Amino acid sequence: MTLLPLPAFDDNYIWMLHDGRQALVVDPGDEQPVLQALQTLGLQLKAILVTHHHADHVGGVDELRAATGAVVYGPAGEQMPEPLQRFQDGDTLDLLGLHFTVLDVPGHTAGHIAWYTSDCDGQPLLFCGDTLFSGGCGRLFEGTPAQMLASLDRLAALPGSTRVCCAHEYTLGNLRFARAVEPDNAALQDYSRQCEALRARQQPTLPSTIAVERDINPFLRSRQPAVTRAVLARAAASDEISIFAALREWKNQFK
(Lines give C-alpha, C1' and ligand atoms only; values in the text may rest on other atoms or scores of the structure.)
Protein backbone atom coordinates (compact mmCIF):
# COMPACT_ATOMS: atom_id res chain seq x y z
CA MET A 1 0.00 0.00 0.00
CA THR A 2 1.14 3.53 -0.76
CA LEU A 3 0.22 6.36 1.60
CA LEU A 4 0.19 9.87 0.14
CA PRO A 5 -0.64 13.24 1.71
CA LEU A 6 -2.25 15.39 -0.99
CA PRO A 7 -1.87 19.09 -0.10
CA ALA A 8 -5.04 21.18 -0.24
CA PHE A 9 -5.91 24.78 0.65
CA ASP A 10 -3.26 26.45 2.82
CA ASP A 11 -2.38 23.61 5.17
CA ASN A 12 -4.77 20.65 4.72
CA TYR A 13 -3.76 17.14 3.78
CA ILE A 14 -6.16 14.82 1.99
CA TRP A 15 -4.77 11.37 2.71
CA MET A 16 -4.77 8.86 -0.14
CA LEU A 17 -4.08 5.16 0.31
CA HIS A 18 -3.73 2.99 -2.79
CA ASP A 19 -2.54 -0.42 -3.95
CA GLY A 20 -1.52 0.64 -7.46
CA ARG A 21 -5.00 0.06 -8.86
CA GLN A 22 -7.61 1.21 -6.37
CA ALA A 23 -7.57 4.03 -3.84
CA LEU A 24 -9.35 5.51 -0.89
CA VAL A 25 -9.13 9.09 0.32
CA VAL A 26 -9.78 10.67 3.70
CA ASP A 27 -11.44 14.06 4.30
CA PRO A 28 -11.40 15.48 0.75
CA GLY A 29 -12.20 19.14 1.30
CA ASP A 30 -11.28 19.81 -2.34
CA GLU A 31 -11.86 17.39 -5.20
CA GLN A 32 -9.15 18.74 -7.52
CA PRO A 33 -6.02 17.34 -5.80
CA VAL A 34 -7.71 13.94 -5.64
CA LEU A 35 -8.85 13.92 -9.27
CA GLN A 36 -5.37 14.99 -10.37
CA ALA A 37 -3.70 12.22 -8.35
CA LEU A 38 -6.14 9.61 -9.65
CA GLN A 39 -5.39 10.62 -13.24
CA THR A 40 -1.63 10.86 -12.75
CA LEU A 41 -1.37 7.50 -11.01
CA GLY A 42 -4.02 5.69 -13.04
CA LEU A 43 -6.13 4.80 -10.01
CA GLN A 44 -9.80 4.05 -9.42
CA LEU A 45 -11.30 5.73 -6.34
CA LYS A 46 -13.27 3.13 -4.39
CA ALA A 47 -14.02 4.87 -1.11
CA ILE A 48 -14.12 8.21 0.69
CA LEU A 49 -13.65 8.18 4.47
CA VAL A 50 -14.77 11.23 6.44
CA THR A 51 -13.97 12.10 10.07
CA HIS A 52 -16.20 15.15 10.67
CA HIS A 53 -18.45 17.69 9.01
CA HIS A 54 -16.26 20.79 8.57
CA ALA A 55 -16.19 22.17 5.03
CA ASP A 56 -12.44 21.76 4.56
CA HIS A 57 -12.98 18.01 5.08
CA VAL A 58 -16.16 17.40 3.07
CA GLY A 59 -16.17 20.13 0.40
CA GLY A 60 -15.05 17.78 -2.38
CA VAL A 61 -17.18 14.76 -1.44
CA ASP A 62 -20.12 15.37 -3.78
CA GLU A 63 -17.90 16.05 -6.79
CA LEU A 64 -15.73 12.99 -6.16
CA ARG A 65 -18.75 10.74 -5.66
CA ALA A 66 -20.26 11.98 -8.91
CA ALA A 67 -17.02 11.70 -10.87
CA THR A 68 -15.86 8.30 -9.63
CA GLY A 69 -18.80 6.43 -8.09
CA ALA A 70 -16.84 6.06 -4.86
CA VAL A 71 -18.80 5.08 -1.75
CA VAL A 72 -18.73 7.56 1.13
CA TYR A 73 -18.33 6.45 4.75
CA GLY A 74 -18.69 8.94 7.58
CA PRO A 75 -19.74 9.62 11.15
CA ALA A 76 -23.17 8.58 12.38
CA GLY A 77 -23.76 11.73 14.41
CA GLU A 78 -22.90 14.59 12.06
CA GLN A 79 -24.52 16.34 9.11
CA MET A 80 -22.84 14.94 6.02
CA PRO A 81 -23.14 15.16 2.23
CA GLU A 82 -25.67 12.46 1.34
CA PRO A 83 -25.75 9.67 0.40
CA LEU A 84 -23.23 7.96 2.66
CA GLN A 85 -22.89 4.98 4.95
CA ARG A 86 -22.75 6.06 8.58
CA PHE A 87 -20.43 4.56 11.18
CA GLN A 88 -20.08 4.82 14.94
CA ASP A 89 -17.77 3.58 17.66
CA GLY A 90 -16.77 -0.06 17.24
CA ASP A 91 -18.09 -0.44 13.71
CA THR A 92 -15.71 -2.06 11.23
CA LEU A 93 -15.15 -1.72 7.51
CA ASP A 94 -13.04 -3.75 5.08
CA LEU A 95 -11.50 -1.75 2.22
CA LEU A 96 -8.60 -2.52 -0.14
CA GLY A 97 -7.73 -5.57 1.95
CA LEU A 98 -7.55 -3.50 5.15
CA HIS A 99 -9.74 -3.89 8.23
CA PHE A 100 -10.72 -0.52 9.71
CA THR A 101 -12.27 0.08 13.12
CA VAL A 102 -14.15 3.28 13.92
CA LEU A 103 -13.29 5.19 17.09
CA ASP A 104 -15.57 7.89 18.48
CA VAL A 105 -13.31 10.83 19.37
CA PRO A 106 -15.53 13.83 20.15
CA GLY A 107 -14.13 17.19 21.18
CA HIS A 108 -13.28 19.15 18.05
CA THR A 109 -16.82 18.39 16.88
CA ALA A 110 -19.55 16.52 18.71
CA GLY A 111 -19.60 13.50 16.40
CA HIS A 112 -15.95 13.31 15.25
CA ILE A 113 -14.67 9.82 14.45
CA ALA A 114 -11.28 8.34 13.60
CA TRP A 115 -10.47 5.43 11.29
CA TYR A 116 -7.92 2.91 12.57
CA THR A 117 -6.40 -0.22 11.08
CA SER A 118 -4.03 -2.39 13.09
CA ASP A 119 -2.23 -3.72 10.02
CA CYS A 120 -1.38 -1.76 6.90
CA ASP A 121 1.75 -3.39 5.50
CA GLY A 122 2.60 -4.61 9.01
CA GLN A 123 2.12 -1.28 10.81
CA PRO A 124 -0.97 0.32 12.39
CA LEU A 125 -2.45 3.38 10.72
CA LEU A 126 -4.72 6.10 12.11
CA PHE A 127 -6.70 8.74 10.24
CA CYS A 128 -7.59 11.12 13.06
CA GLY A 129 -8.92 14.21 11.26
CA ASP A 130 -8.66 17.24 13.54
CA THR A 131 -8.68 15.46 16.91
CA LEU A 132 -4.92 14.88 17.21
CA PHE A 133 -2.23 16.90 15.46
CA SER A 134 1.49 16.38 15.69
CA GLY A 135 2.39 18.36 18.79
CA GLY A 136 -1.19 19.52 19.31
CA CYS A 137 -4.91 18.84 19.21
CA GLY A 138 -7.98 20.38 17.63
CA ARG A 139 -9.84 23.36 18.99
CA LEU A 140 -12.94 22.59 21.02
CA PHE A 141 -15.63 23.93 18.71
CA GLU A 142 -18.46 21.64 19.83
CA GLY A 143 -17.14 19.29 22.49
CA THR A 144 -15.94 19.71 26.05
CA PRO A 145 -12.46 19.52 27.56
CA ALA A 146 -13.48 16.26 29.25
CA GLN A 147 -14.49 14.78 25.91
CA MET A 148 -11.30 15.85 24.18
CA LEU A 149 -9.10 14.58 26.99
CA ALA A 150 -10.87 11.20 26.85
CA SER A 151 -10.53 11.10 23.07
CA LEU A 152 -6.81 11.86 23.23
CA ASP A 153 -6.33 9.29 25.98
CA ARG A 154 -7.93 6.74 23.69
CA LEU A 155 -5.65 7.58 20.79
CA ALA A 156 -2.58 7.67 23.05
CA ALA A 157 -3.38 4.10 24.10
CA LEU A 158 -2.95 2.81 20.53
CA PRO A 159 0.29 0.98 19.70
CA GLY A 160 3.31 3.27 19.63
CA SER A 161 4.12 2.30 16.05
CA THR A 162 0.75 3.63 14.82
CA ARG A 163 1.24 6.13 12.01
CA VAL A 164 -0.72 9.29 12.84
CA CYS A 165 -2.26 10.85 9.73
CA CYS A 166 -3.53 14.27 10.80
CA ALA A 167 -5.46 16.51 8.45
CA HIS A 168 -3.34 19.68 8.78
CA GLU A 169 0.30 20.73 8.54
CA TYR A 170 0.24 22.55 11.87
CA THR A 171 3.33 20.88 13.28
CA LEU A 172 5.83 23.73 13.51
CA GLY A 173 3.36 26.08 15.17
CA ASN A 174 2.29 23.36 17.58
CA LEU A 175 5.89 22.62 18.48
CA ARG A 176 6.60 26.26 19.26
CA PHE A 177 3.82 26.10 21.81
CA ALA A 178 4.97 22.72 23.11
CA ARG A 179 8.45 24.12 23.76
CA ALA A 180 6.90 27.00 25.71
CA VAL A 181 5.13 24.43 27.89
CA GLU A 182 8.07 22.00 28.24
CA PRO A 183 11.30 23.85 27.43
CA ASP A 184 13.45 21.10 28.98
CA ASN A 185 11.92 18.20 26.99
CA ALA A 186 14.89 16.81 25.04
CA ALA A 187 12.73 14.59 22.81
CA LEU A 188 10.69 17.64 21.88
CA GLN A 189 13.81 19.62 21.01
CA ASP A 190 15.08 16.80 18.77
CA TYR A 191 11.72 16.35 17.06
CA SER A 192 11.43 20.09 16.46
CA ARG A 193 14.77 20.11 14.65
CA GLN A 194 13.69 17.15 12.49
CA CYS A 195 10.41 18.82 11.55
CA GLU A 196 12.03 22.16 10.81
CA ALA A 197 14.44 20.41 8.44
CA LEU A 198 11.55 18.65 6.68
CA ARG A 199 9.62 21.87 6.18
CA ALA A 200 12.75 23.66 4.96
CA ARG A 201 12.77 21.04 2.18
CA GLN A 202 9.01 21.57 1.66
CA GLN A 203 8.32 18.01 2.85
CA PRO A 204 5.42 16.99 5.13
CA THR A 205 6.11 16.44 8.82
CA LEU A 206 3.43 13.74 8.73
CA PRO A 207 2.67 11.02 9.45
CA SER A 208 3.90 11.12 13.00
CA THR A 209 3.60 8.15 15.35
CA ILE A 210 1.76 7.63 18.60
CA ALA A 211 5.09 6.93 20.33
CA VAL A 212 6.48 10.28 19.21
CA GLU A 213 3.33 12.11 20.26
CA ARG A 214 3.41 10.56 23.72
CA ASP A 215 6.90 12.00 24.15
CA ILE A 216 6.39 15.49 22.73
CA ASN A 217 2.72 16.48 22.57
CA PRO A 218 1.62 18.55 25.59
CA PHE A 219 -2.01 17.55 25.09
CA LEU A 220 -1.09 13.89 25.54
CA ARG A 221 1.15 14.88 28.45
CA SER A 222 -1.15 17.15 30.46
CA ARG A 223 -0.79 14.87 33.52
CA GLN A 224 3.01 14.95 33.37
CA PRO A 225 4.41 17.00 36.28
CA ALA A 226 6.32 19.42 34.05
CA VAL A 227 3.24 20.19 31.97
CA THR A 228 0.98 20.48 35.00
CA ARG A 229 3.42 22.89 36.68
CA ALA A 230 3.59 25.05 33.56
CA VAL A 231 -0.19 25.27 33.36
CA LEU A 232 -0.64 25.99 37.07
CA ALA A 233 1.90 28.81 36.84
CA ARG A 234 -0.49 30.57 34.47
CA ALA A 235 -4.00 29.50 35.49
CA ALA A 236 -6.02 28.21 38.42
CA ALA A 237 -6.95 24.56 37.93
CA SER A 238 -7.96 21.89 40.39
CA ASP A 239 -8.11 18.59 38.52
CA GLU A 240 -6.91 16.92 35.32
CA ILE A 241 -9.84 18.19 33.24
CA SER A 242 -9.45 21.81 34.31
CA ILE A 243 -5.70 21.54 33.75
CA PHE A 244 -6.32 20.23 30.25
CA ALA A 245 -8.88 22.99 29.62
CA ALA A 246 -6.40 25.63 30.76
CA LEU A 247 -3.71 24.13 28.52
CA ARG A 248 -6.04 24.30 25.52
CA GLU A 249 -6.96 27.91 26.34
CA TRP A 250 -3.27 28.78 26.64
CA LYS A 251 -2.74 27.38 23.15
CA ASN A 252 -5.74 29.35 21.86
CA GLN A 253 -4.06 32.59 22.99
CA PHE A 254 -0.48 31.62 22.11
CA LYS A 255 1.30 33.75 19.51
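The questions and answers below go through a predicted model of one protein chain.

Reader: What should I know before looking at residue numbers and values?
Author: Residues are numbered from 1 along each chain as its sequence is written. The model is predicted, with local features needing pLDDT of at least 70 and side-chain atom pairs pLDDT 80 or more, while totals for chains, interfaces and linings use all residues, and side-chain values use heavy atoms, leaving out hydrogens and water.

Reader: How many helices and strands are in the protein chain?
Author: The protein chain has nine helices and 14 strands. Both are DSSP runs, numbered from the N terminus: helices are H or I with at least four residues, strands are E with at least two.

Reader: How do you know whether the radius of gyration agrees with a compact globule?
Author: Take the rule: 2.2 Å times the number of residues to the power 0.38, with the radius taken over C-alpha atoms. For 255 residues, a compact globule would have a radius near 18 Å; the protein chain has 18 Å, so the two agree. Along the principal axes, the C-alpha atoms fill a box of roughly 55 × 40 × 30 Å.

Reader: What makes S7 and S14 edge strands?
Author: Start with the sheet. It is open, has six strands in the order S7-S8-S9-S10-S13-S14, and its pairing is mixed. Strand S7 (92-95) and strand S14 (208-209) each pair on one side only, and they are the edge strands.

Reader: How do you know that S7 and S8 pair?
Author: Two strands pair if DSSP finds at least two bridges between them. S7 and strand S8 (residues 98-104) are joined by four bridges, so they pair, and they run antiparallel. One partner match is Leu95 with Leu98 in S8.

Reader: Which helix packs on this sheet?
Author: Helix H4 (residues 145-156) does, touching S8 and strand S10 (123-129). Touching means contact: heavy atoms within 4.5 Å. The direction of H4 makes about 155 degrees with that of S8.

Reader: What about S9 and the strands that pair with S9?
Author: S8 and S9 pair in the antiparallel sense over five bridges. Leu103 stands opposite Ala114 in S9. S9 and S10 also run antiparallel, with four bridges. There, Tyr116 has Leu126 in S10 as its bridge partner. The hairpin of S9 and S10 has two residues between the strands, and in this hairpin Asp121 takes a positive phi near 55 degrees.

Reader: Why is Trp115 called buried?
Author: Buried means under 20% relative accessible area; exposed is over 50%, and partly exposed lies in between (1.4 Å probe, protein chains only). Trp115 has 0%, so it is buried. Phe87, at 8%, is buried too. In S9, six of the eight residues are buried. Over the 255 residues of the protein chain, 53% count as buried.

Reader: Why is the pair of Phe87 and Trp115 called tilted?
Author: Rings of Phe, Tyr and Trp (its six-membered ring) pair if their centres lie within 6.5 Å; planes under 30 degrees apart count as stacked, over 60 as edge-to-face and the rest as tilted. Phe87 and Trp115 have ring centres 5.5 Å apart and planes at 55 degrees, so the pair is tilted. Phe87 in strand S6 (residues 85-87) and Trp115 in strand S9 (residues 113-120) are 28 residues apart.

Reader: What makes the pair of Phe177 and Trp250 edge-to-face?
Author: The planes are at 85 degrees and the centres 5.3 Å apart, so the pair is edge-to-face. Phe177 is in helix H5 (residues 171-181), Trp250 in helix H9 (residues 240-253), 73 residues apart. Phe177 is buried at 0%, and Trp250 is buried at 11%. Both belong to one aromatic cluster with Phe219, Phe244 and Phe254.

Reader: How do you know that His52 makes polar contacts?
Author: A polar contact is a pair of N or O atoms within 3.5 Å; within protein, one must be able to donate a hydrogen and the other to accept it, and residues adjacent in sequence count only if both atoms are side-chain atoms. The side chains of His52 and His54 have a polar contact of 3.4 Å. For His52 and His112 the value is 3.2 Å. His52 lies in the loop between strand S4 (44-49) and helix H2 (55-58), and is buried at 0%.

Methods
Axes fitted to C-alpha atoms, helices over the stretch in contact; angles between N-to-C directions.
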